[in-house]
Amino acid sequence: MSDTRIPVWLDCDPGHDDTFAILLAAYHPAIRILGVSTVFGNASLEKTTHNATSILTAISQSASIPVYIGASKALFRPPMHPPTDIHGETGLDGTKLLPPPAVPPVATIPAIDAAYEALKSTPRGTAWVVATGSFTNAAALFMKYPELIQHVAGLSLMGGAIGNGFTAAVLGTVDGVPRVGNWTQFAEFNILADPEAAAFLLTHGELSKKTTLIPLDVTHLCLTTAQVQELILYGPEGRKEGMVPGRGKTELRQMLVELLLFFAKTYADVFGITEGPPLHDPLAVAAVLSGLDEKGGHKIPFYEHDPSVGVGMEGKGERYEVSVATEGSYEDAKAGARTGQVTARLLPQGEEGVRIPRGLDLGVFWRVLEECISRADEANERARAVKQEAGVPTA
């Protein structure tokens, strides 16, 4: 029987929200992860690579999903200081429950070469590349192997911010000034980290037609509120009698909520968003599921039209011509330059361009994510039983 799951190469920079992207991709029944590559961003490359291998260990996938080491800096720019005020010094501050990596990263082949080999092994038009950190690896991959542009089904990117009421999301305020970006007033971090890479991907004549961009305008609709944290902590059945308040029903769930609580504090302190931190990166994974049949219960619907135009537009997805401001240094951007700013122009109906959703079914998203956590819990329990049977000490 043929494998009908969607092949996905996940490029990431863990990162609190990357943790959930890895978990969703690893345990969604319609996705098959080909591999994970790491990139600089939320922390240094060394730390994001360690974090990726640690997360996979925490969800009993370290032996099944290989991790490859990617770029430590942008294509044409000097190294960038990571956002320690958001993700902490390690990139995953906030918990002591992350295990040491059980399997080291693969160091015998560069990440983009490993991605090429894995993607080329899939049937044409089936595989997706998902990038949730800076876009350096993704751009380098398609620059070195342009034949992949015709081969892959799509590219899903978490990054950028549109503003101007693109959605009803609150994007935050810093020092009393409302902003569109989350790193500068105008720029989202992943785009600013390597604007030349972003510009290559989003303006490429052929690749842009296969590209989905998930901006802050959408991810800030997906807030991990207290209710969502309870769902993650206890599952859909809620806290049962005898369970300690605030203590997850499994160690994995406790770890995930501890990460969210750290993320929540930094978002409240820095951006004034107090309802809960946005869960950016898993939405880029969820976006690859748009072609699934609704009957399976695994699809996470995204909305690709302006809700203000009224009913009847649900099947008419909007597409955009996107540009990225590349002028200026990191320092210029911090001083007020528009470096890394994304501009999107709505194309006439029927023209091909970048897909930028305006929203998603959040109820379905949280249900599907919780189901993936439950599957990870079950995998962890099986792994624990195997160790106990073999006489291997467990924590």
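Contact, in this tour, means heavy atoms within 4.5 Å. The model is predicted.

**First stop: helix α10**

Select residues 226–234, which form helix α10. Colour Val-228, Gln-229, Ile-232, Leu-233 and Tyr-234, the buried residues of this helix. Which helices do these buried residues pack against? Display α1 (16–27), α11 (251–271) and α14 (362–389), for these are the three partners. Then step just past the end of α10 to Gly-235, where phi is positive, at about 90 degrees.

**Second stop: α1 against α11**

Keep α1 and α11 on screen. A pair of packed helices is described by the angle between the axes and by the distance between those axes. Here the angle is about 145 degrees, and the axes lie 9 Å apart. On the α1 side, select His-16, Asp-17, Thr-19, Phe-20 and Leu-23; on the α11 side, select Leu-252, Leu-256, Leu-259, Leu-260, Phe-262 and Phe-263. Sorted by class, this contact comprises eight nonpolar residues, two polar residues and one charged residue.

Before leaving α1, look at the loop that joins β1 (6–12) to this helix, where Gly-15 is placed. The peptide bond from Pro-14 to Gly-15 is cis, and its omega is near -15 degrees.

**Third stop: Leu-369 and the largest nonpolar core**

Move next to helix α14 and select Leu-369, which lies within it. Is this residue buried or exposed? Its relative accessible area is 1%, and Leu-369 is therefore buried, the limit for that class being under 20%. Show its neighbours as sticks: leaving aside residues up to four places away in sequence, Leu-369 touches Phe-20, Leu-23, Leu-24 and Leu-279. A distance label between the C-alpha atoms of Leu-369 and Leu-260 should read 14 Å, although 109 residues separate the two in sequence.

Leu-369 also belongs to the largest nonpolar core, which has 64 residues. Which members touch the most other members of this core? They are Ile-59, Ile-300, Phe-365 and Leu-369. The greatest contribution to the core comes from α14, with nine residues. Apart from this core lies another, of 41 residues; to find it, select Ala-118, Leu-157, Ile-191 and Leu-213, which are among its members. In soluble globular proteins, nonpolar side chains tend to be buried together.

**Fourth stop: α5 and α8**

Select residues 136–144 for helix α5 and residues 195–203 for helix α8. Begin with α5 by itself: this helix is mostly covered, with seven of its nine residues buried. To mark the buried residues, colour Thr-136, Asn-137, Ala-138, Ala-139, Ala-140, Leu-141 and Phe-142.

Now bring α8 into view. The two helices pack at an angle of about 55 degrees, and their axes are 8 Å apart. The helices α5 and α8 are therefore oblique to each other. Their crossing is left-handed. Which residues bring the two helices together? From α5, select Thr-136, Ala-138, Ala-139, Phe-142 and Met-143; these meet Ala-197, Phe-200 and Leu-201 of α8. By class, the contact of α5 with α8 has seven nonpolar residues, one polar residue and no charged residues.

**Fifth stop: two loops**

Go to the loop between α2 (45–58) and β3 (67–69) and select Ser-60. Its phi is near 55 degrees, which is a positive value in a residue other than glycine. With a relative accessibility of 28%, Ser-60 counts as partly exposed.

Ser-62 lies in the loop between α2 and β3 as well. Its relative accessible area is 16%, so Ser-62 is buried. Not counting residues up to four places away in sequence, Ser-62 touches Leu-56, Thr-57, Ala-102 and Val-103.

For the last selection, choose Asn-164, in the loop between β5 (154–158) and β6 (173–174). Phi of Asn-164 is near 55 degrees, again a positive value in a residue that is not glycine. How does Asn-164 count, as buried or exposed? Asn-164 counts as exposed because its relative accessibility is 82%.

Key. Residues are numbered from 1 along each chain as its sequence is written. This is a predicted model: local features need pLDDT of at least 70, side-chain atom pairs count only at pLDDT 80 or more; totals for chains, interfaces and linings use all residues. Side-chain values use heavy atoms; hydrogens and water are left out. Buried means under 20% relative accessible area, exposed over 50%, partly exposed in between (1.4 Å probe, protein chains only). Helices (H or I, at least four residues) and strands (E, at least two) are DSSP runs, numbered from the N terminus. Axes are lines fitted to C-alpha atoms, for helices over the stretch in contact, and angles run from 0 to 180 degrees between N-to-C directions. Angles under 35 degrees count as roughly parallel, over 145 as roughly antiparallel, 65 to 115 as roughly perpendicular and the rest as oblique. A crossing is left-handed if the near helix is turned anticlockwise from the far one by less than a right angle, and right-handed if clockwise. Ala, Val, Leu, Ile, Met, Phe, Trp, Tyr, Cys and Pro count as nonpolar, Asp, Glu, Lys and Arg as charged, and the others, Gly among them, as polar. A nonpolar core is a set of buried Ala, Val, Leu, Ile, Met, Phe, Trp, Tyr and Cys residues joined through side-chain atoms within 4.5 Å.
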